[in-house]
Amino acid sequence: MILDIILILLTKIPVFSKKFIKIVSGFLLANSSIFIAWCLFSQRPGSITYFETTIIIIKDIWIWNILITDQTIYYASRIALRSLIMFFLALMFFIGTTDRDLIHGLRSIKVPFTVCLVINLIFRGIAMFQTDFQIIKEAMQTRGVEFKRVSLPQKIRNFVSIFIAIIVLMFKKTEEMANSIESRGIPFRSKNRTIYHYFPLRKKDFAILVAILLFLAFSIYLRIYNYSLVNFILNFLSIILNFIPITLFW
Amino acid sequence: METVVEFKDFSWKYKSSKERVLKSINLKIHRGDYLGIMGPTGAGKSTLCACINGLIPLKTRGFISGSVEVFGENTRTLKMPEITARVGLIFQDPETQFIMMNVEDEIALGLETLGLERKEIKNRIEWALDIVGLRGFELRSPEELSGGQKQRIAIASILAMRPEILILDEPTSDLDPLSKMEVFELLDKIKREFELTIVLVSHETRKIMEFCNRAIIIDNGEKIYDGDATGLLNNTDLLKSSGIYIPEDICGKRIAEAKVIVKHDKEPIISASNISYTYPDMTQALEDINLKIYQGDFIAIIGKNGSGKTTLVKHFNGLLKPQQGEILLNNKFITEYTIPQIAQTVGFCYQNPDHQLFKGTIKEEIEFGLKNLRFPENEIEKRHDKIIELLQLRKFEEVYESTFYLSKGIRQRLALASVLVLKPDILIVDEPSTGQDFLMISEFMKILEDLNKENKTIIIITHNPYIIAKFSKEVVILDDGKLIKKLPTEDFLKNEELQHNACFLPP
């Protein structure tokens with residue numbers, strides 16, 4: 001988690017920009033709701049009970065108790081922390097990598113060109129889709145269609161109309177793009193294709209890969225023997241502490 | 001002279017088309033030719049281009065007779081990359097030609113296919129960008145480029161492959177006249193420097209006469225003229241029958257007529273004061289614009305690509321809210337109107353009708369706006385019939401089930417109908433001439449002119465000098481988001497300095 005934040009700071013993005021703060025605070029809000037939900041709905045008995053009450057009882061079918069013990073808090077924070085770490089990891093990936101870095105990288109580790117081209121076209125397609133979507137939405141507004149302040153079924157109907165127009169556009173555009181690709185003479189199996197942006201894997205990359213794999217193996221090991229990280233560290237420390245007198249004795 | 005491309009009694013029919021698109025074409029293109037191809041929309045010009053570069057018949061389904069030989073070999077016996085290494089094809093729409101995520105990769109794409117070394121690719125990218133004058137744009141993404149720049153990148157990415165034949169399929173239809181001129185001059189320079197063979201499809205009669213040494217006219221799949229480009233003018237009947245623009249001195253005529261019009265004594269229908277607008281990425285699109293538009297005006301808003309024309313008119317129908325300043329529509333703040341109210345006051349026609357048509361059939365499309373606003377059934381019927389008559393769409397409604405199969409010109413007319421049916425007083429039209437032939441443009445403009453005679457206010461954004469000189473009553477010149485001047489068209493046509501400012505070249 002801390003490592004994560006350091007890495008994000010390393011990417012040199014404007015951390016205090018409005019957008020960034022908006023995204024992070026939005027997620028923290030969502031994350032705290034996860035925490036609260038776990039507290040409210042997971043009824044884990046624990047050694048210390050902080051709070052207990054019954055909210056709804058539907059005869060023999062379902063009983064909603066709120067039971068907050070030390071165990072609930074422990075599990076809820078575990079879940080919340082887990083998603084928090086995943087969020088920051090994903091955030092780091094998206095901030096630090098542009099879509100073209102991804103494609104250059106994929107090509108450099110010899111992923112087939114076709115696959116890279118398809119991924120690239122997906123990104124390109126998304127960009128086109130967004131602009132087209134916006135224009136069509138505006139075009140509908142100029143014909144008196146409201147998107148705010150209308151009932152849900154009407155809203156759905158409006159969006160269906162947008163998609164009809166988008167599908168027509170996409171048909172035309174994909175055909176034109178296909179022609180354009182063919183006209184550059186891009187065969188899907190080419191032996192003597194060269195790579196302009198070539199980033200081969202260096203020692204550093206391998207080192208990081210190995211470190212990640214070791215860490216993965218380590219966490220699997222912990223999982224199998226049902227250790228928690230904290231227990232493990234404590235055990236590890238106690239072993240070392242036991243050893244210290246021995247070494248001193250020697 | 002060496003023949004590089006030869007059509008031998010060539011015919012082609014797409015799998016989906018009813019008739020043959022090309023009919024027994026015999027054509028020889030020699031090395032060093034600068035061939036201009038003209039003809040109305042749907043005549044088969046693009047199909048002809050695709051035949052030279054092998055897309056037809058190698059990648060398209062259809063029926064063929066006769067043959068096309070490129071460098072003495074039948075295209076049917078070749079493979080696509082073998083042809084494309086020597087024949088480059090540039091399309092009309094710069095947007096869909098841009099495949100990669102930035103300029104550098106875009107140009108490198110074709111070069112990698114040729115199997116060039118990394119250093120050579122780098123050299124060629126720099127060389128190609130130098131030629132099109134976009135050095136330093138290597139890392140830009142397509143969203144950061146204007147239409148003209150994208151088109152030049154498309155040319156660069158093909159040029160970098162060093163083809164011997166360069167085919168351009170209406171490469172300038174999205175550009176302002178000055179950028180157009182730049183592209184033509186660029187082609188001229190490349191041609192002289194590298195002794196390329198160029199095949200150019202264009203609607204611009206004057207440009208073809210100026211730059212090409214040979215011209216052919218294709219109409220309805222048949223070659224009806226083949227000869228000197230300058231000889232086109234001796235065949236005015238032929239040009240007229242295939243709906244091609246015959247160059248004439250419209251500006252001189254217009255100035256000579258010098259009808260004094262435009263009296264503004266009433267209240268303005270749109271009044272914009274001190275409008276400024278900045279996009280989220282901090283580019284200032286509009287700066288302190290003051291403009292009054294009156295009932296019955298016919299205004300052309302002109303200026304080079306990216307000068308803020310579309311941004312300005314989007315303020316007139318409430319799509320954008322002014323960040324500074326205010327807009328009065330019929331003496332009422334535009335922010336006080338609801339979306340349906342604006343739709344019945346200001347109509348907006350988009351450049352690409354594909355963005356505006358979202359129903360299956362013509363009838364549904366026209367009635368959509370009315371139904372949405374809950375008009376009574378008989379009123380809808382009445383307005384529908386009237387608009388169909390006005391825009392002569394009846395015959396298409398009977399023949400075509402789906403709007404998808406209509407040609408672009410008709411789709412555009414349908415888009416206009418769907419807007420007009422709401423009876424707006426003001427009609428804004430964004431660049432109606434893209435990818436249309438002369439005949440369609442004049443038909444479309446005729447409709448607008450008639451509407452204007454019925455005292456409707458027309459605001460049109462266009463690069464097309466013909467439309468400006470022939471139809472507009474007044475012009476509004478924008479440059480870099482600033483309003484340079486609003487003045488009657490006659491005065492504008494006399495003032496060369498302003499014309500230069502607005503990137504205007506006489507038709």
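In the predicted model, B:L416 is in contact (heavy atoms within 4.5 Å) with B:C349, B:L391, B:L427, B:F444, B:I447 and B:L448, residues up to four places away in sequence being left out. One of these partners, B:C349, counts as buried because its relative accessibility is 3%, where buried denotes under 20% relative accessible area, exposed over 50% and partly exposed the range in between, with a 1.4 Å probe and protein chains only. B:L416 also appears among the members of the largest nonpolar core that touch the most other members, together with B:I366, B:L393, B:L427, B:M445, B:L448 and B:F492; this core holds 53 residues. Its largest share, 7 residues, is supplied by helix α17 (residues 408-420) of chain B. A separate second core contains 50 residues, including B:I131, B:L175, B:V183 and B:L232. A nonpolar core is here a set of buried Ala, Val, Leu, Ile, Met, Phe, Trp, Tyr and Cys residues joined through side-chain atoms within 4.5 Å. Helices (H or I, at least four residues) and strands (E, at least two) are DSSP runs numbered from the N terminus.

Residues are numbered from 1 along each chain as its sequence is written, while chains are lettered from A and ligands numbered from 1 in the order in which they are written. As the model is predicted, local features need pLDDT of at least 70 and side-chain atom pairs pLDDT 80 or more, whereas totals for chains, interfaces and linings use all residues; side-chain values use heavy atoms, without hydrogens and water.

B:L35 lies in strand β3 (residues 34-38) of chain B and counts as buried because its relative accessibility is 0%. Beyond four places in sequence, B:L35 touches B:I29, B:I198, B:V199, B:L200, B:C212, B:R214, B:A215 and B:I216.

B:E431 is located in the loop between β17 (426-430) and α18 (438-453) of chain B. B:E431 is buried but forms no salt bridge, the nearest side chain of opposite charge, that of B:K309, being 6.9 Å away. A salt bridge requires a side-chain nitrogen of Lys or Arg within 4 Å of a carboxyl oxygen of Asp or Glu; Lys and Arg count as positive, Asp and Glu as negative, and His and the chain ends are not counted.

A disulfide is a covalent bond between the sulfur atoms of two cysteines, identified here by a sulfur pair within 2.5 Å. The count over all chains is 0. The sulfur of B:C49 is too far for a bond because the closest cysteine sulfur, in B:C51, is 8.9 Å away.
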